Amino acid sequence: MVKRLAIVGTGLIGASVGLAAWRAGVESVVGWDPDPQHLALAAGRKALEPRDDLAAVLEGAELAVVAAPVTELPAQVRETLAASGDGTTVTDVGSTKGAVCAAAADDPRFIGGHPICGSEARGPERASAELFQGATWFLTPVATTEPERYAALHGFVSALGATPVAVDPESHDRLVAITSHLPHALANLLLNHAGAERVEGHEPLAAAGGSLRDMTRVAGANPRIWVDIFLENRDALAAALAEHRRRVEQLEGALAAGDAGFLARWIGEAAGNRRRLLATAYDDPSDLHRLRVHIPDRPGVLAGITQALGAARVNIADFDLQHLSTERGGTLTILVAGDAESARAEELLESQGYGVVRGPVLDE
């Protein structure tokens, strides 16, 4: 287990690594950031012990985690490698891997990394030791990577609560282009499309329901971060957009031809893929039932519902709240495993005066 950790860059991810490392039993966690305010905030959160410069933070470190913006990572990683000794393994937490791994390709002490722990929050003041719990953490060892260094980094990531997964840098960037960068791009496209339209004097955003909200949760994310991510991974993102365009053209063709068979197969394929996606989070997605409950916008309502279900020993597998307005309240969606358990939850909530609509999450 790593005993002496250095953190270079003390924003949300860097400070969270520090908090999680203390919790995991790392003996020494020191940090440095070119932004003195970030460093002071991280130290104030007791995420790390601050150091004055890069050389000081790397002194005696077994592992250095570089948590800089993606466009700055190649240079910062090279500086970190140059300022550290042979006993220091260097990794990063950037969301693209091609450029940073290429920049450090001649130094076997570097192993790229990327924790998949999306958060709309930013800054060390929002850091959490729980951020990596259960998260996938990609590692990008190459042919020259020393097994002992990889094993130590693998163990460190596991100790933070994450699941390390090895992948080569190019495959990593193609993978995140499909699963992260393309969804962010499409969320912006959808919301900008709806925001720019008027239909016979009606504004689509004012009439939007849950579908548009669900599809655009990540739209408008911090441009200081996402402009860099889009440009750093432009080739893989462009390829993903091209494939997406091909599939949109297929759909357009089916609509023009009135091809109901294609549409049915297309929806069925999506249903199967959604089942596979849910299976990564739930033991048996086919056993999940959804309860939709309209609730008023009033203090204590949500707590009352969850406490009542907890007292009845009904386990909430997941939940979501869509707020409509202060006057109209919102729709609470609760997922419960098992038909009998969901029926019991429905009966309990209806006995408290709520209207409940219950049904399976996956249509058979």
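Where in H7 is the kink centred? In this predicted model, the kink in helix H7 is centred on Ala-177 and amounts to about 50°. The overall architecture is set out below, before H7 and its surroundings are taken up again.

The protein contains 13 helices and twelve strands, and its C-alpha trace spans about 65 × 55 × 40 Å along the principal axes. Of the 364 residues in the protein, 40% are buried. Among the contacts with a separation of 6 or more, 69% are accounted for by residues 24 or more positions apart.

Helix H7 comprises 28 residues, from 169 to 196, and its end C-alpha atoms lie 38 Å apart, which agrees with the 40 Å that the helix should span at 1.5 Å a residue. This agreement in span is found in a helix that nevertheless carries a kink of about 50°. At the start of H7, a side-chain oxygen of Asp-168 comes to within 3.2 Å of the backbone nitrogen of Glu-170. The buried residues of the helix include Pro-169, His-172, Asp-173 and Val-176, together with Ala-177, the residue on which the kink is centred. Also buried are His-181, Leu-182, His-184, Ala-185, Ala-187 and Ala-194. The elements that cover the buried residues of H7 include helix H5 (98-103), strand S6 (110-115) and strand S7, as well as the helices H8 (210-215), H9 (223-232) and H10 (234-257).

Strand S7, one of the elements covering H7, spans residues 136-140 and includes Thr-140. Thr-140 has a relative accessible area of 2% and is therefore classed as buried, the cut-off being under 20%. Beyond its neighbours within four places in sequence, Thr-140 is in contact with Lys-97, Cys-101, Ile-111, Gly-112 and Gly-113, and also with Val-167, Asp-168 and Pro-169. Of these partners, Asp-168 provides the side-chain oxygen at the start of H7, while Pro-169 is one of the buried residues of that helix.

Strand S7 is also among the elements against which the buried residues of helix H1 pack, the others being strand S1 (4-8), strand S2 (28-32), helix H2 (36-44), strand S4 (63-66) and helix H6 (147-159). Helix H1 itself has 13 residues, from 12 to 24, and reaches 18 Å from its first C-alpha to its last, close to the 18 Å expected at 1.5 Å a residue. Its buried residues are Leu-12, Gly-14, Ala-15, Ser-16, Val-17, Gly-18, Leu-19, Ala-20 and Ala-21. Just after H1, Gly-25 adopts a positive phi of about 100°.

Farther along the chain, four strands form an open sheet with antiparallel pairing, in the order S10-S11-S9-S12. Strands S10 and S12 (356-360) stand at the edges and have a single partner strand each, so that one side of each is left without a neighbour in the sheet. On average, and with direction ignored, neighbouring strands of this sheet are turned by 15° against each other. Strand S10 (residues 318-325) pairs with strand S11 (residues 329-337) in the antiparallel sense over seven bridges, and the two form a hairpin with three residues between them. Within this pair, Gln-322 has Thr-331 of S11 as its bridge partner. The other edge strand, S12, runs antiparallel to strand S9 (residues 288-295), to which it is joined by five bridges; here the bridge partner of Arg-290 is Gly-359 in S12.

Conventions
Residues numbered from 1 in each chain as written. Predicted model: local features only at pLDDT ≥ 70, side-chain atom pairs only at ≥ 80, totals over all residues. Heavy atoms only, no water. Buried < 20%, exposed > 50% of the residue type's maximum accessible area, 1.4 Å probe, protein only. Contact = heavy atoms within 4.5 Å. Pairing = 2+ DSSP bridges. Axes fitted to C-alpha atoms, helices over the stretch in contact; angles between N-to-C directions. Expected span 1.5 Å × (residues − 1). Bend = angle between axes of the 7 residues up to and from the residue. Polar contact = N/O pair within 3.5 Å; in protein donor to acceptor, adjacent residues only side chain to side chain.
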